[in-house]
Amino acid sequence: MNAIAVERMEEFARGVLKLSPEMQTAFFEEMVNSGTMSGDEAEGLKKYVALYHMFTDQRYYNAVREATFEMYMSEI
């Protein structure tokens, strides 16, 4: 992937993560409602931002890992 594209994607994710969770939701809803992106594109970007957050913030990664473990163990 192009280094400039990767840098811009990371900038985008950092910008979105600066918003509160409520503002993140409103941001993506507005992008879809304005026709800037489709619902599928917005969902893909949400997933990208979540993965970026998980792999760049050790505390968040640990919290996700622990929650996943607890969910898995409760199913057993």
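Q: In which helix is the place of H53?
A: Residues are numbered from 1 along each chain as its sequence is written, and side-chain values use heavy atoms, with hydrogens and water left out. This is a predicted model, where local features need pLDDT of at least 70 and side-chain atom pairs count only at pLDDT 80 or more, while totals for chains, interfaces and linings use all residues. Helices are DSSP runs of H or I with at least four residues, strands are runs of E with at least two, and both are numbered from the N terminus. With that in hand, H53 can be placed in helix α3.

Q: Is H53 buried, partly exposed or exposed?
A: Buried means under 20% relative accessible area, exposed means over 50%, and partly exposed lies in between, using a 1.4 Å probe and protein chains only. The relative accessible area of H53 is 21%, so the class is partly exposed.

Q: How many Å separate the C-alpha atoms of H53 and K18?
A: Along the chain, H53 and K18 are 35 residues apart. In space, their C-alpha atoms are separated by 11 Å.

Q: Which residue is 35 residues along the chain from V49, with C-alpha atoms separated by 8.0 Å?
A: V49 is another residue found in helix α3. V49 has a relative accessible area of 4%, so it is buried. The residue 35 positions away along the chain, at 8.0 Å between C-alpha atoms, is R14.

Q: Which residue meets K46 in a salt bridge?
A: A salt bridge is a side-chain nitrogen of Lys or Arg within 4 Å of a carboxyl oxygen of Asp or Glu, and the count by this rule comes to one. The two partners sit three residues apart in helix α3 (residues 39–56), which means that about one helical turn separates them. At 33% and 38% relative accessibility, K46 and its partner both count as partly exposed. Joined to K46 at 3.1 Å, N to O, is E43.

Q: How many aromatic pairs are there?
A: Rings of Phe, Tyr and Trp (its six-membered ring) pair if their centres lie within 6.5 Å; planes under 30 degrees apart count as stacked, over 60 as edge-to-face, and the rest as tilted. By this rule, the count of aromatic pairs comes to five.

Q: Which aromatic pair is 6.4 Å centre to centre, and how many residues apart in sequence are the parts it ties together?
A: The pair is F12 and F28, edge-to-face with 70 degrees between the planes. F12 lies in helix α1 (residues 3–17) and F28 in helix α2 (residues 21–33), so the parts tied together are apart in sequence by 16 residues.

Q: Which rings do the ring pairs link into a cluster?
A: At 3% relative accessibility F28 counts as buried. The ring of F28 also has its centre 5.2 Å from that of F27, with the planes at 70 degrees, so this pair is edge-to-face. F12 is partly exposed at 26%, and F27 is partly exposed at 26%. The ring pairs link into a cluster F12, F27 and F28.

Q: Which residue caps the N-terminal end of α1?
A: The 15 residues of α1 should span 21 Å at 1.5 Å a residue, and the end C-alpha atoms are 21 Å apart, which agrees; the expected span is 1.5 Å times one less than the number of residues. At the N-terminal end, a side-chain oxygen lies 2.7 Å from the backbone nitrogen of I4. The residue that caps this end is N2.

Q: How far apart are the end C-alpha atoms of helix α4?
A: D57 caps the N-terminal end of α4, with a side-chain oxygen 3.1 Å from the backbone nitrogen of R59. A polar contact is a pair of N or O atoms within 3.5 Å; within protein, one must be able to donate a hydrogen and the other to accept it, and residues adjacent in sequence count only if both atoms are side-chain atoms. The 18 residues of α4 (residues 58–75) should span 26 Å, which agrees with the distance between the end C-alpha atoms, 26 Å.

Q: What accessible area do F69, Y72, M73 and I76 have together?
A: Patches are made of residues with over 30% relative accessible area and no salt bridge, joining like charges within 9 Å and nonpolar side chains (Val, Leu, Ile, Met, Phe, Trp, Tyr) within 5 Å. Accessible areas come from the Shrake-Rupley method with a 1.4 Å probe, and for residues only the protein chains shown count as cover. Among the members, M73 is in helix α4, while I76 lies in the segment after α4 and is exposed at 70%. Together the four form a nonpolar surface patch of about 480 Å².
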